[in-house]
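Q: Please give me a close look at one part of this model, a single position and the strands around it. Then work outward from there, and keep the cut-offs explicit.

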Amino acid sequence: MIKNIVVFFLFTVALVGAQVPRVALPPPGPSRYYIHVVNGLSKLGLLVHCQSKDDDLGYHHLLNHGDDYQWNFKVNFWGTTLFWCKLETPDAYVSFESFWPESQHLWLHDRCKHRTVGTCIWTAADDGIYLRNFLANVDELIHKWTYKR
């Protein structure tokens, strides 16, 4: 009797296990990310303020073309790390998420993976904010400036 129950149990487990769909997990991301905000403006200085829920990174003045503000971090245990930035010139501003978690769509991951390192390079240009796409080897216009009145 017990033998029949054990056989039935093993048969049921095998049958159910064969029916469970396999989920394709995304490839693992880098363990550490480096975020850069670069002043690519032709004339004006750039004020940068970036933060997460837990860390206010402060205000940084990028006065010259090519100046770079950067920070790095590890994604938290839950995979919910989120950073956003506000970039401002005397006549325009833009706010955007500079890093966010991705579980299904790997849009940011694909752009910010440089070899085995996670590197996101956001560049403020005269017409908007660009993100470096390392896979395609181009800078992509992602955000337009909002002009002050």
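A: Buried means under 20% relative accessible area, exposed means over 50%, and partly exposed lies in between (1.4 Å probe, protein chains only). This is a predicted model, in which local features need pLDDT of at least 70 and side-chain atom pairs count only at pLDDT 80 or more, while totals for chains, interfaces and linings use all residues. Numbering starts from 1 along each chain as its sequence is written, and side-chain values use heavy atoms, with hydrogens and water left out.

Start at T123. Its relative accessibility is 19%, so T123 counts as buried. T123 sits in strand β8, which covers residues 117–125. Strands (E, at least two residues) are DSSP runs, numbered from the N terminus.

Now the surroundings of T123. Leaving out residues up to four places away in sequence, T123 touches V38, G40, G128, I129 and Y130. Contact here means heavy atoms within 4.5 Å. V38 is a partner from far along the chain: 85 residues separate it from T123 in sequence. In space, the C-alpha atoms of T123 and V38 are 4.6 Å apart.

Next, the pairing of β8. Two strands pair if DSSP finds at least two bridges between them. β8 pairs with β9 in the antiparallel sense, over four bridges. One of the bridge partners is explicit: A125 is matched with G128 in β9. G128 is also among the contacts of T123. β8 and β9 form a hairpin, with two residues between them.

β9 itself runs over residues 128–133. Six of its six residues are buried, so β9 is largely enclosed by the rest of the structure. β9 also pairs with β10 (residues 138–143), antiparallel, over five bridges. In that pairing L131 stands opposite E140 of β10. β9 and β10 form a hairpin too, this time with four residues between them. N137, in the turn, has a positive phi of about 60°.

Back to β8, for its cysteine. A disulfide is a pair of cysteine sulfur atoms within 2.5 Å. C120 forms one with C112, the two sulfur atoms being 2.1 Å apart. The torsion about this S-S bond is about 120°, so the C112 and C120 disulfide is right-handed. C112 has 0% relative accessibility and so counts as buried. C120 is likewise at 0% and counts as buried.

The structure holds two disulfides. The other joins C50 and C85, with sulfur atoms 2.0 Å apart. C50 lies in strand β2 (residues 46–52) and C85 in strand β5 (residues 83–88), so this bond ties together parts that are 35 residues apart in sequence. The torsion about the S-S bond of C50 and C85 is about 110°, so this disulfide is right-handed. C50 is at 0% relative accessibility and counts as buried. C85 is at 1% and also counts as buried. With bonded cysteines counted along the chain, the pattern is 1-2, 3-4.

The strands β2 and β5 lead to a sheet. It is open, has five strands in the order β3-β2-β5-β6-β11, and is paired antiparallel. Its edge strands are β3 (56–62) and β11 (146–147), each pairing on one side only. β2 and β3 run antiparallel and are joined by five bridges. H49 has Y59 of β3 as its bridge partner.

One more pair remains, β1 with β4. β1 covers residues 32–39 and pairs antiparallel with β4 over seven bridges. R32 has K74 of β4 as its bridge partner. In a regular strand the side chains alternate between the two faces of the sheet. β4 (residues 68–74) shows such alternation. Y69, W71 and F73 point to one face and are buried. D68, Q70, N72 and K74 point to the other face and are not buried.

To return to the starting point: T123 is buried, and its listed contacts include V38 and I129.
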